[in-house]
Amino acid sequence: MAEILPIKAWRYKEELSHSIEELTSPLFDVVSAKQREALYQNPINSIHLSVPRGEKPADNAAELLQEWKFSGIIEQDPMPGIYVYYQYFRLPGNDREYCRKGFICHIKAYDWDEGILLRHENTIPSAVNDRIDLLDKTLMNTSATHGLYTDPDFILERYMDESIQSPLYVTEDYQGVRDVLAVIHDHHVIKHFLEVLESRQVLLADGHHRYEGSLEYRKKRMAANPNHTGMEAYNYHLMYLTNSEADDLRILPTHRVLEKIDLTDDEFLERLRTYFVVTPKEDAYELNEVIVGKNWAFGLYLSGNAYKLRLKPEVHHLIDWPVPQEVKDLDLTVMHYFVFEKVLGIDREAQRDYPGLSYVRNFTACVSQVDSGKARLALITNEVSMDQVKRVCYSGAIMPQKSTFFYPKTICGFLFSSIKENEFIAPNSACL
């Protein structure tokens, strides 16, 4: 099954470790424009590698990376390791402190049809192209994607718990999350991590665009290498792995916001009533509450007016997309099929990169965008459960794009991993 490897990470030099909090940054797909501009003011913040600027951003990142290596701003750890990464966090309205436990390593970039690494979401093509170009020019993974392995016996947690007692970094990030990084160098323990994952499939939780970027880059290099063996550095990808059986995994809903539609409000509501029970609501700020726990239910905030939508059960069978029942039963499939395709006339493929359609996690921000006139409507949805993610992955199908928001997001800047041959720990290395 999944082949993983330790890494010799590139990290900020020791003298900068006391200010590591000033060098970290959010992932490229969640960092806001305001956050980006603030972070760019620090010339050695990790955002210059993960979300580079300029007309040729990938080239700029590659040039800057060489400068950082040459000047010693970042240095490669002398020994390979498994990097343990814990995130301590709370959720609104809940006093409990959660701790998501995981570790960072290299994993072979498996094609989807190999059935070893399973995806659950569609991707947006333009975002994949950006990631391919960045990887091609820098040969550096600037942030780890998030994968899930299933281990009900929690075999590896005791080693991680021991390692985290001697952290390399402890910071508080932009989410208010406490991030802690440690490293395991022990040869026998590392070998145990590799052996446990050998019998596991991995579900890709977050980072579909970055992972697809690695896949496409691997295919490009394979085609150009007549002596390809499968052990070259370009075959591997940086991933943060967590146990899907842990109680501290949290998935938050991602809502849909649409800038405009070619219908009047009355026309739109009338078309919706063909498929949904449409109930007006007085308070827009209660839309996320009136749908909690209800199957195929959504909040709609349209031109300043609030509605609860509930699919008429008798029309559910009309979904004719070629997907298994596990996908047809999802709330977001119902939304994308009946609202976007049937009511608004946007076919399934066009929805993947539809102009004016944005994905917003913050419920209040959805309402604000409509109130400010930046958007015509917002569709509020429930969260997807871990059980639903598993069932879809194992069915071989995928969910609509941006179906899940695994919280908290990992951060960039703790470490970077190289896929340059002379900076990479190969599978046949003596250290393994």
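**Close-up views of a predicted model**

At 35% relative accessibility, F154 counts as partly exposed. The model is predicted.

**View 1. F154 sits in a loop between a strand and a helix.** The loop runs between β9 (145–149) and α5 (157–163). Phi of F154 is near 50 degrees. That is a positive value in a residue other than glycine. Most residues other than glycine have a negative phi. Partly exposed covers the range between 20% and 50% relative accessible area, so F154, at 35%, falls in that class.

**View 2. S303 lies in the loop between β17 and β18.** Strand β17 covers residues 297–302, and β18 covers 305–311. S303 is not a glycine, yet its phi is positive, near 50 degrees. Its relative accessibility is 36%, so S303 counts as partly exposed.

**View 3. A cis peptide bond joins Y407 to P408.** Omega of this bond is near 0 degrees. Most peptide bonds are trans. P408 belongs to the loop between β21 (405–407) and β22 (411–412).

**View 4. Helix α3 has the span expected of its length.** The helix holds 15 residues, 57–71. At 1.5 Å a residue it should span 21 Å, and its end C-alpha atoms are 21 Å apart, so the two values agree. The buried residues in α3 are A58, A61, A62, L64, L65, W68 and K69. K69, a lysine, is thus listed as buried alongside W68. Just after the helix comes G72, with a positive phi of about 80 degrees.

**View 5. The whole chain, for orientation, has 14 helices and 23 strands.** The C-alpha trace spans about 65 × 50 × 45 Å along its principal axes. For 432 residues, a compact globule would have a radius of gyration near 22 Å; the chain has 22 Å, so it agrees with that estimate. Of the 432 residues, 57% count as buried. Contacts between residues at least 6 apart in sequence were also sorted by separation: 77% join residues at least 24 apart.

**View 6. The surface of the chain comes to about 18,600 Å² of accessible area.** Carbon and sulfur atoms account for 47% of this area. The chain carries 47 positive and 64 negative charges. The mean positions of the two sets are 2 Å apart.

Technical notes. Residues numbered from 1 in each chain as written. Predicted model: local features only at pLDDT ≥ 70, side-chain atom pairs only at ≥ 80, totals over all residues. Heavy atoms only, no water. Helix = DSSP H or I, 4+ residues; strand = E, 2+ residues; numbered from the N terminus. Rg over C-alpha atoms; globule rule 2.2 N^0.38 Å. Buried < 20%, exposed > 50% of the residue type's maximum accessible area, 1.4 Å probe, protein only. Contact = heavy atoms within 4.5 Å. Areas by Shrake-Rupley, 256 points an atom, 1.4 Å probe, with all protein chains shown as cover. Lys, Arg positive; Asp, Glu negative; His and termini not counted. Charge placed at Lys NZ, Arg CZ, Asp CG, Glu CD. Expected span 1.5 Å × (residues − 1).
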